[in-house]
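User: Hi, can you walk me through this structure? I'm new to this, so keep it short.
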Amino acid sequence: MSLRGLAAMFVAPERNFVQTLRGVPGPQGRYGRVEGRNLRYAAISALGLACVPATDQTRVLDGLTALDLATEVAQQAVTATDPGAVALAAWSAAEVGTTGDAALFSRLRTWLDSGRPLPTVDVAWMVTAAVAARGLGAAAGADGLADDVAAVAAVGRARLLEAQGPTGVFPHALPASSLGRLRAHVGCFADQVYPIQALARLAAADGDPVAMDAANRCAAAICAVQGSAGQWWWHYDARDGSVVERFPVYSVHQHAMAPMALFDLAECGGDDHTDEVLKGLDWLRTHPEVGAELLDDDLGVVWRKVGRRERAKAARKLAAVTTSVRRGWHLPGVDRVMPATVVDRECRPYELGWLLYAWHSAPRADRLSVPDQEDHSLRLVPAQPRRTERLFGMPVDAMTLTEVVGRCDAAVRHQRPVQIGVLNAAKVVRLRSDALLRNSLLQCEVMVADGQSVVWASRLLGRPLPERVAGIDLFEALLALADRDRRKVYLLGARPEVVAEVARVVEQRYPRAMVVGSRDGYFTDAQAPEVAESIRRSGADMLFLGMVSPKKEIFIGTYGQSLDVPVVHGVGGSFDVLAGVTDRAPLAWQRAGMEWAYRLKQEPRRLARRYLTTNTAFLALTIQERVRPTLPYAAAPTAEQELRSVS
């Protein structure tokens, strides 16, 4: 969705991005109207797009790459008068282009050395740019680049730390007094996350405990006052860390800026705030303030914010005044008179650029020199205690998609095999009579709910699972992981022409993922050992099986341990979807848990009888489970285990 949205906001002739895409009502429904130009947003978009495959970059940028865009932004920034734009241009040039731009860092040093008041965000970006540019070469005329980079990092660090409040919160400008008495104490959410990111990276690069402590204190402060539905509030009091004004809640804070900064902090050796990140992300789904959807898949955007019904930012101005008089003092009745019920239907390119960067960028610690620290592996989700729920006699992991991907990432990095099993309504019904299916599922290291019906049943039974982990969503997320880390994948299943098309699609969409083998799923039991040996010899990091149940579970259960593949995932009919043979249900159908109904709509004759009998049986089993839970199933010993017991 983000790639489509960015493509709509890119201005190819100018090699720049627009300021805003505004949702405007029209005779055929809402359409996107683009307005203005913004160099800052172009730099951020370059950072985000650099994290996705080159084919996606050129599709968004009309034939250009993220490197082309970063180079163009740096050239335009040489004459820019906005310190923030220059800092972002220097950052993207260093990180995307791996070149320090001497002219940009010279200008940043001049601004910092002048002592003039600067926005906190701009200074944080300067520090981040300086960390990215250390040790890099430079363009022509680079004399003094290293000195400028070191000075920007040192002076920027000093100015940030000098202004930080006692609880860790930063004001809106450096120095804060430059804003006047009524605003000196107020800092917005952006004034917190960008310093967290900058100081965490600086601490990792220099082994700087003071910078790390400052980043940790700021992160702890904003997490301590996070809203009950995961809201990251807008304005904070730098004197005591309290919330000055809650609204608007910006979507980009929830899905991109908080994850980006807090994951950077953890990856650089700081505190882990994954729970708060996931809680904040969930606000995009719940957003209790409004009933309207914030994700518009048709236009490829996330609507900008949920705000108050107010004029001229009245609530924020009142809150700044009252809290300047007395800390924590708010005018009563503001929420009633100016409720937060308005969706701002606009989207800006940086919101989608940061989204890509937050969730797809390489780990910070892998790019930095961290003294006395050996393990710099990326943790998409830092390790959490494993929680399982017993449902229909099976142990089901209470994991999100992100957590499963994180587990798979660790499995590949450390060569610790993980087999993934998925449970849906049809399998629950079949478990009662199919011992082979039962045994193969019980041997899986990770078991997740692939069917929304299982998630609903878990809540009804008082053993709730956090979300559905759809097989195809996990399949595509793991392909993206393979693309990021240049991992080897093996494709097994479907008809010969389908698996060949899947291999072609993977090579096109995920060019850095290496398809080291593929085979159709129409092989006999006698041929299965030969297929398993072919997989083992391929050296694959990930095996995807596009076969029907229970054939894929039985193959995994029989040969999984001997394949020497860290990640094994049965994706079922996902091969047909990726190859374009069948269409996946629209997002609205998926969210409503009606993906099965969409498949039924596509193939009514083949699926009607099966869905009718299976869904009826599953409903009956759920009612029975509520009254008398199924006793836990026990896995039958494998041949290897039986051999050991005899010996």
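Analyst: Here are some basics, then a few closer views.
Analyst: This is a predicted model: local features need pLDDT of at least 70, side-chain atom pairs count only at pLDDT 80 or more, and totals for chains, interfaces and linings use all residues. Residues are numbered from 1 along each chain as its sequence is written, and side-chain values use heavy atoms, with hydrogens and water left out.

User: How many helices and strands does the chain have?
Analyst: The chain has 29 helices and 25 strands. Helices (H or I, at least four residues) and strands (E, at least two) are DSSP runs, numbered from the N terminus.

User: What share of the chain is buried?
Analyst: Buried residues are 55% of the 647 in the chain. Buried means under 20% relative accessible area, exposed over 50%, and partly exposed in between, with a 1.4 Å probe and protein chains only.

User: OK, helices. How far does H5 reach?
Analyst: Helix H5 covers residues 83-95 and spans 18 Å from its first C-alpha to its last. That is close to the 18 Å expected at 1.5 Å a residue. The expected span is 1.5 Å times one less than the number of residues.

User: And is H5 enclosed or open?
Analyst: In H5, 13 of the 13 residues are buried, so the helix is largely enclosed by the rest of the structure.

User: Switching to sheets. What is the order of the open sheet of 3 strands?
Analyst: The order is S4-S3-S17, with antiparallel pairing. Two strands pair if DSSP finds at least two bridges between them.

User: Which strands are at the edges?
Analyst: S4 (31-35) and S17 (346-347). Each has a single partner strand, so one side of each is left without a neighbour in the sheet.

User: How many bridges join S3 to S4?
Analyst: 5 bridges join S3 (residues 20-24) to S4. One bridge puts Gly23 opposite its partner Gly32 in S4.

User: Now the core. Which residues touch the most other members of the largest one?
Analyst: Leu49, Phe105, Tyr194 and Trp354, in a nonpolar core of 125 residues. Helix H9 (residues 190-206) gives the most to this core, with 11 residues. A nonpolar core is a set of buried Ala, Val, Leu, Ile, Met, Phe, Trp, Tyr and Cys residues joined through side-chain atoms within 4.5 Å.

User: What does Tyr194 contact?
Analyst: Leaving aside neighbours within four places in sequence, Tyr194 is in contact (heavy atoms within 4.5 Å) with residues including Val121, Trp125, Met257 and Trp354.

User: Last one: is Glu533 buried or exposed?
Analyst: Glu533 is partly exposed, with a relative accessible area of 28%. Glu533 lies in helix H23 (residues 528-538).
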